[in-house]
Amino acid sequence: MKSMLFVIVSMLAVTSTEVLARSESCHAATEAQIASLFDRWNRSLQTGEPKKVVANYAVKSVLLPTVSNTPRLTPQDKEDYFKHFLESKPVGKIDSRTIEIDCNTALDAGLYTFTFGDGSQVKARYTYTYKWNGHQWLITSHHSSAMPEKS
C-alpha cells in the first residue's frame, strides 16, 4: 500500500512539474524592440519628470546609477535620484551595445555617452536587464558607471 501511494505521489509530482514548465508563455521580441527600450527611457529623461523615468522600472528593480554611490531599490529612491540627475538636462546616446534575448527577459549592455545641458559629457558603461510583465517590458536592473580610463 505504501509503495503504491509513493508511486502515485511521484507521478503527480512529475506531471505537475511538466504542466508548470509548459504553462510559461514566452513573449517574442526582436533586437530592435529591445533597443527601442533605451530610446523610451531616454525620451522619458527629456520630459524632466522623475516619475515618468521611474515608470520604466519594475517596482522590484535595482538602479546602480552613474553619478551616485547609493543603490536605488524603491520607486521613491529612483525618483529621488532622477530628480537631481534631470536638473542637468541629460541626453543619452548609445555608442555600442550587445543585446541578448531570452524567454520574457532581455539584456542590453554596452557603452553610452550623456551630454548635459551645459555641453559637458560623460562616457559610461551600462547594463539594462528587462522583464516582460505580461503587458510591457520593464527595467529590472540598471547599472551605469563612468568609464575608468580617460581617452
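**One cavity and two unusual backbone angles**

Let me start with Lys89, which at 58% relative accessibility counts as exposed, where exposed means over 50% relative accessible area, buried under 20% and partly exposed in between, with a 1.4 Å probe and protein chains only. This is a predicted model, in which local features need pLDDT of at least 70, side-chain atom pairs count only at pLDDT 80 or more, and totals for chains, interfaces and linings use all residues. Residues are numbered from 1 along each chain as its sequence is written, and side-chain values use heavy atoms, with hydrogens and water left out.

Lys89 sits in the loop between α4 and β2 (91-102), helices being DSSP runs of H or I with at least four residues and strands runs of E with at least two, numbered from the N terminus. Although Lys89 is not a glycine, its phi is positive, about 55°. Most residues other than glycine have a negative phi. Asn104, in the loop between β2 and β3, is also not a glycine and has a positive phi of about 65°, but at 6% relative accessibility Asn104 counts as buried.

Now to the cavity, meaning a set of points on a 1 Å grid over the protein atoms alone where a 1.4 Å probe fits but cannot get out, with lining residues having an atom within 4 Å of a point. The count comes to 1 cavity of 30 Å³ or more, and the largest holds about 60 Å³, a volume being the space filled by probe spheres set on points joined across faces, edges and corners. Its lining includes Trp41, Tyr81, Phe114 and His142, and α4 gives the most to that lining, with 3 residues.

Terms used:
On a 1 Å grid over the protein atoms alone, a cavity is a set of points where a 1.4 Å probe fits but cannot get out, and a pocket is an open set with protein on both sides within 12 Å along at least five of seven lines; lining residues have an atom within 4 Å of a point.
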